[in-house]
Amino acid sequence: MGEKSSFQLGVIGALFLSVASSVSIVICNKALMSNLGFKFATTLTSWHLMVTYCSLRVALRLNFFENKPIDMKTVMLFGILNGVSIGLLNLSLGFNSIGFYQMTKLAIIPFTVMLETIFLKKQFSQKIKFSLSVLLLGVGIASVTDLQLNFVGTILSLLAIVTTCVGQILTNTIQKKLNVSSTQLLYQSAPFQAAILFLTGPFVDQLLTKQNVFNYKYSSVVLGFIILSCLIAVFVNFSTFLVIGKTSPVTYQVLGHLKTCLVLAFGYTLLHDPFTSRNIIGILIAIVGMGMYSYFCTNETKRKQIVDVSSLPQIKERDTTPLLANNQDKESKDSAV
């Protein structure tokens with residue numbers, strides 16, 4: 001019971017950290033890019049990952065976690081894949097309308113469900129699928145406005161969906177298959193993610209913004225926001241790996257849409273962004289979908305735990321399960337007779 005309670009507290013803590021840090025970094029980056037004119041998102045992300053790696057390096061030296069070597073080829077491919085997915089998402093936003101980009105993000109959940117069903121043989125109940133449909137409908141109503149299609153943008157969006165889904169599934173699979181923690185996996189893969197984005201980021205950003213990140217005039221205010229963004233990113237990156245490892249890629253995406261709703265709400269409250277009745281209706285529908293998803297997941301988890309307990313062997317050694325000793329003694333005697 002103690003281990004179960006601590007695990008649940010760990011999940012709740014990871015979810016809270018993910019939401020709080022993600023909403024914070026969106027607000028920080030929006031001020032940095034919209035108000036201060038620093039629009040180099042891909043390069044900024046590479047700096048985020050560099051600071052994340054350096055922070056984990058310090059944490060390792062202070063013995064906050066233990067380094068566990070992982071196969072170099074696996075870590076390298078995993079890191080590069082995640083770096084490429086970030087770059088493709090940024091390119092998708094640059095080559096598509098905001099509405100189509102939001103549709104791209106919405107498509108990640110059903111595509112992840114499809115991949116996990118086909119390749120990992122994971123089963124999703126009809127109730128879970130229905131709750132996800134309600135959630136996606138709500139987020140779509142709240143965030144999707146114009147839908148302008150173009151060939152290059154569509155190809156980039158498809159590639160972004162595939163790489164993002166595969167990367168998040170691998171984040172969960174590697175942690176469980178290789179028995180490594182989220183911190184250990186992030187520490188091993190962050191340098192490769194940072195490297196691929198640091199090398200390609202300036203070119204991607206120049207393609208999207210028609211500006212060179214190295215020619216930008218950096219003021220003290222801009223540098224302050226960049227440093228703040230990098231510090232918040234440490235918690236964003238850590239909580240991302242933590243949430244996916246403790247839950248699932250689909251749950252992480254559901255959490256991502258909760259962040260979208262919160263960002264819309266905070267944007268209206270703090271930054272006075274335009275907010276319509278359509279946004280309100282969409283957010284309310286999305287909240288209902290999230291509630292249904294959480295409720296159905298909790299019930300299914302409890303049901304699986306009951307099945308797992310009932311399927312355990314009835315005859316065990318006394319010292320292994322002292323809480324069930326009396327019942328098992330009786331069963332042992334009956335079986336002996």
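**Entry 1: the whole chain**

I began with the contacts in the protein chain. Among those with a separation of 6 or more, 86% join residues 24 or more positions apart. I note here that I am reading a predicted model.

Next I looked up the secondary structure. I found 11 helices and zero strands in the protein chain. Read from the N terminus, the order is α-α-α-α-α-α-α-α-α-α-α.

Then I turned to burial. The protein chain has 337 residues, and 43% of them count as buried. I also noted the accessible surface, about 18600 Å². Carbon and sulfur atoms hold 68% of that surface.

**Entry 2: the UniProt record**

I checked what UniProt lists as "transmembrane region". The entry is unreviewed, and it gives residues 44-62, 74-93, 99-120, 155-173, 185-204, 216-238 and 277-296.

I took two of these spans to the model. Residues 185-204 are 100% helix and 0% strand. Their end C-alpha atoms lie 27 Å apart. Residues 216-238 come to 83% helix and 0% strand. There I read 30 Å between the end C-alpha atoms.

**Entry 3: helix α4**

I picked α4 for a longer look. It covers residues 98-119, which is 22 residues. From the first C-alpha to the last I read 31 Å, close to the 32 Å expected at 1.5 Å a residue.

Where does α4 kink? I found a kink of about 25° at I108. The proline P110 comes shortly after that point.

I listed the buried residues of α4 as well. They are G99, F100, Y101, Q102, T104, L106, I108, I109, T112, V113, L115 and E116. I108, the site of the kink, is thus on the buried list too.

Which helices do the buried residues of α4 pack against? I noted α3 (72-95), α5 (126-143), α6 (151-177) and α9 (249-270).

After α4 comes K121. I recorded a positive phi for K121, near 60°.

**Entry 4: the salt bridge**

I searched for salt bridges and found one in the structure. E116 pairs with K122. The closest N and O atoms are 3.9 Å apart.

Is E116 buried or exposed? I read a relative accessible area of 3% for E116, so it is buried. K122 has 32% relative accessibility, so it counts as partly exposed. My picture is of a bridge from a buried residue of α4, E116, to K122.

**Entry 5: L186**

I moved on to L186, which sits in helix α7 (residues 182-209). The span 185-204 from the UniProt list takes in this residue. L186 has a relative accessible area of 1%, so I count it as buried.

What does L186 touch, leaving out residues up to four places away in sequence? I found T52, L56, N237, F238 and F241. I looked at F241 again. L186 and F241 are 55 residues apart in sequence, yet their C-alpha atoms are 7.0 Å apart in space.

**Entry 6: N279**

My last stop was N279, in helix α10 (residues 277-310). Is N279 buried or exposed? I read 11% relative accessibility, and the limit for buried is under 20%, so N279 counts as buried.

I also looked up what N279 contacts, leaving aside neighbours within four places in sequence. A142 and P274 came up. A142 falls within the residue range given for α5 (126-143).

Definitions and conventions: Residues are numbered from 1 along each chain as its sequence is written. This is a predicted model: local features need pLDDT of at least 70, side-chain atom pairs count only at pLDDT 80 or more; totals for chains, interfaces and linings use all residues. Side-chain values use heavy atoms; hydrogens and water are left out. A salt bridge is a side-chain nitrogen of Lys or Arg within 4 Å of a carboxyl oxygen of Asp or Glu. Buried means under 20% relative accessible area, exposed over 50%, partly exposed in between (1.4 Å probe, protein chains only). UniProt positions are given in the numbering used here, feature names are shortened, and annotations may be inferred rather than shown by experiment. Helices (H or I, at least four residues) and strands (E, at least two) are DSSP runs, numbered from the N terminus. The expected span of a helix is 1.5 Å times one less than its number of residues. The bend at a residue is the angle between axes fitted to the seven residues ending there and the seven starting there. Contact means heavy atoms within 4.5 Å. Accessible areas come from the Shrake-Rupley method with a 1.4 Å probe; for residues, only the protein chains shown count as cover.
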